[in-house]
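Thank you for making time for this short talk; I would like to walk you through one structure slowly, one region at a time. Please have the sequence and the model open in front of you while I speak.

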Amino acid sequence: SSNMENDVSLEFHQQLLLISENLVTEDVAALKFLCMDLLPLSKLEGVKSAADIIKLLMAQDYLNAEDTFLLAELLYRIKCHSLLEKLGYTKKKVQERLHEKGRVSPYRQMLYELSENITEEMLKGIIFLLQDHLPKRWITPSALDLLTLLEKQGLLTKDNVRILEDICQTISPDLLETIDCYKKARESTLVPWVSLFCNINTNRSLTFVTKMNIIKILENVQNRSIVHDHAILYGGVIPFNETVFQMKKVMSFFFSFLQTISSYKMDGPHRGFCLIINNVNFNSSQRKGSCKDAEQLKRVFTWLGLDVRTYTDLTSGAIINLMQTWQSVQDHKDRNCFICCILSHGKSGAIYGTDDKLVSIRVLTTHFTAKQCPQLAAKPKLFFIQACQGNNIQRPVYVDTDGPTPDLSSMQERVSLSESIPEEADFLLGMATVDGCVSFRHTEEGTWYIQALCSKLQLLVPRGEDILSILTQVNEDVAKRVSPSGTKKQMPQPAYTLRRKFIFPIPMAPPPS
């Protein structure tokens with residue numbers, strides 16, 4: 001038994017060592033910042049490496065062989081998702097347990113998210129605004145250093161973020177959305193629910209009810225686990241049979257409110273730009289039916305309020321140049337979102353230009369990260385790719401595949417979908433097919449994926465559905481289709497780092513088709 005314990009301990013420490021060796025200076029700084037509410041500041045100041053932080057977490061009983069969740073949460077927060085497997089976690093498993101075991105406060109999360117969206121140019125402007133509060137000979141700080149200093153000086157606390165609001169209003173108003181979301185979520189936990197129940201029973205009073213108490217009550221109601229005549233809430237007693245209906249009404253309002261603040265802002269005067277790259281004519285082939293897709297996409301996204309621009313038959317170099325051009329467009333700052341649709345041939349993790357040269361999808365998407373395109377910081381960026389991601393299926397007679405004729409003499413290494421989008425927040429990548437597979441295009445009616453996407457947008461946007469719910473319906477639609485031979489199937493696949501729901505405002509005009 002003792003030998004087994006020693007083996008477990010050795011393996012655990014080896015895992016921790018591997019994790020610490022894979023964390024760079026910027027990661028260590030992020031970990032220190034996220035741990036400021038958990039570990040003594042005097043000890044955090046002496047941290048030089050990831051190993052130092054891990055030792056502190058263990059010393060404070062936050063980390064041991066039986067419970068590694070806090071370290072997993074920290075790695076998840078700083079987007080080191082590939083290291084989670086060393087602790088036996090995946091990104092999805094961490095997300096599922098955060099509401100139950102998460103230790104990083106919403107305040108700390110908000111500050112860290114802000115720092116991630118502050119570009120070098122923004123930082124220079126902030127330093128200029130705060131020069132009276134900064135040490136005279138301070139070497140140019142990072143965004144995290146700056147936030148830490150403001151906290152030490154008492155200018156920034158979980159209850160007072162006014163200085164951040166003033167700075168963001170001047171430097172980049174888009175950043176205010178992150179602060180507003182934090183404030184609204186915080187206020188929602190402090191609402192004196194007693195006022196909502198004051199007329200329920202004049203003989204008994206409710207002292208104070210937080211949203212979590214009501215949620216627990218309703219969960220018990222639904223599970224039929226409350227069998228007493230009264231529900232007890234923090235010292236206040238409410239007659240059970242008289243309050244269930246009122247509580248359900250209150251919670252209906254509460255969840256509606258939460259959905260509002262957890263959605264991306266989409267109520268600006270300009271919705272955003274939508275680029276459509278339609279590659280039809282290649283050196284050795286022609287993507288018949290693609291113009292049908294491009295026309296339908298233009299009609300639908302124009303109906304949704306976007307400013308649509310279409311580009312036809314671009315080489316690999318022209319595609320990259322186009323991304324660089326749109327990366328620098330200043331008008332993004334007045335828009336709510338950015339959408340890019342690419343219709344072409346493709347292989348794993350890449351699409352073809354008309355010169356038959358590949359362009360990595362990740363290269364395209366990273367043009368629009370917060371640092372590369374600050375005008376779109378904290379705003380949703382959606383990419384829809386209609387292209388094959390493999391070439392091992394033969395072409396059926398009446399259905400073309402969006403991939404080149406297979407070259408059996410060579411096999412391309414596959415690229416996972418998650419590697420095609422930046423790890424930072426606010427991206428969505430909708431792929432016509434899973435990695436390694438072909439996608440299908442009718443030579444007259446267009447591709448299965450784009451036609452299903454346009455159809456579901458027209459059907460479900462007027463119902464108030466968010467984009468992920470819509471893409472689930474697209475998956476179902478495409479999955480039901482078969483090629484004329486009856487043997488070919490297709491399954492689309494989305495990947496995303498969206499932080500909130502993306503919901504198109506319902507257009508006043510009827511759908512275009």
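Let me begin with two short strands, β6 and β7, the second of which covers residues 350-352; they pair in the antiparallel sense over two bridges. Before going on, please keep in mind that everything I describe comes from a predicted model. If you look at the pairing residue by residue, you will find Gly 346 standing opposite Ile 351 in β7. These strands belong to an open sheet of three, in the order β6-β7-β8, with antiparallel pairing. Which strands stand at the edges of this sheet? They are β6, residues 346-347, and β8, residues 358-360, and each has a single partner strand, so one side of each is left without a neighbour in the sheet. For those of you who are new to this, strands of a sheet pair through backbone hydrogen bonds, and the pairing can be either parallel or antiparallel.

Staying in this region, we come to the loop between β7 and β8, where Asp 356 is found. Its phi is near 65°, which is a positive value in a residue other than glycine. That deserves a moment of attention, because most residues other than glycine have a negative phi. Ala 378, in the loop between α17 (361-365) and β9, also has a phi near 65°, and this residue too is not a glycine. As for their surroundings, Asp 356 counts as partly exposed, because its relative accessibility is 33%, whereas Ala 378 counts as buried, because its value is 1%.

From that loop we move on to β9 and its neighbour β11, which run parallel and are joined by five bridges. Is β11 enclosed or open to the outside? Five of the five residues of this strand, which covers 427-431, are buried, so β11 is largely enclosed by the rest of the structure. It helps to recall that in a regular strand the side chains alternate between the two faces of the sheet. In β11 both faces are covered, with Phe 427, Leu 429 and Met 431 buried on one side, and Leu 428 and Gly 430 buried on the other.

One of these residues, Phe 427, is the bridge partner of Lys 381 in β11. The two are also related through their side chains, since the charged end of Lys 381 sits over the ring of Phe 427, 5.1 Å from its centre. Another arrangement of this kind involves Arg 108, whose charged end sits over the ring of Phe 33 at 4.8 Å from the ring centre.

Let us now turn to the rings themselves, of which the structure holds 10 aromatic pairs. In one of them, the rings of Phe 338 and Phe 383 have their centres 6.1 Å apart and their planes at 65°, and because planes over 60 degrees apart count as edge-to-face, that is how we describe this pair. The pair links distant parts of the chain, with Phe 338 in strand β5 (residues 335-343) and Phe 383 in strand β9 (residues 381-386), 45 residues apart. Phe 338 counts as buried at 0% relative accessibility, and Phe 383 is buried as well, with a relative accessible area of 2%. Elsewhere, ring pairs link Phe 301, Phe 384, Phe 502 and Phe 504 into a cluster.

My last topic is empty space, and rolling a probe the size of a water molecule over the atoms shows where such space is left. The second largest pocket holds about 750 Å³, and among the 24 residues that line it, Glu 26, Tyr 112, Ser 115, Glu 116 and Lys 371 lie nearest its centre. Helix α2 gives the largest share of this lining, five residues, and the lining divides into 10 nonpolar, five polar and nine charged residues.

The structure also holds four cavities of 30 Å³ or more, and the largest cavity contains about 120 Å³ of space. Of the 14 residues lining that largest cavity, those closest to its centre are Ile 118, Ile 126, Leu 147, Leu 164 and Ile 167. The helices α8, α9 and α10 (162-171) each supply at least two residues of the lining. What does the lining of the largest cavity look like by class? It has 13 nonpolar residues, one polar residue and no charged residues.

How values were computed. Residues are numbered from 1 along each chain as its sequence is written. This is a predicted model: local features need pLDDT of at least 70, side-chain atom pairs count only at pLDDT 80 or more; totals for chains, interfaces and linings use all residues. Side-chain values use heavy atoms; hydrogens and water are left out. Rings of Phe, Tyr and Trp (its six-membered ring) pair if their centres lie within 6.5 Å; planes under 30 degrees apart count as stacked, over 60 as edge-to-face and the rest as tilted. Helices (H or I, at least four residues) and strands (E, at least two) are DSSP runs, numbered from the N terminus. Buried means under 20% relative accessible area, exposed over 50%, partly exposed in between (1.4 Å probe, protein chains only). A charge sits over a ring if NZ of Lys or CZ of Arg is within 6 Å of the ring centre and within 35 degrees of the ring normal. On a 1 Å grid over the protein atoms alone, a cavity is a set of points where a 1.4 Å probe fits but cannot get out, and a pocket is an open set with protein on both sides within 12 Å along at least five of seven lines; lining residues have an atom within 4 Å of a point. Grid points are joined across faces, edges and corners, and a volume is the space filled by probe spheres set on the points. Ala, Val, Leu, Ile, Met, Phe, Trp, Tyr, Cys and Pro count as nonpolar, Asp, Glu, Lys and Arg as charged, and the others, Gly among them, as polar. Two strands pair if DSSP finds at least two bridges between them.
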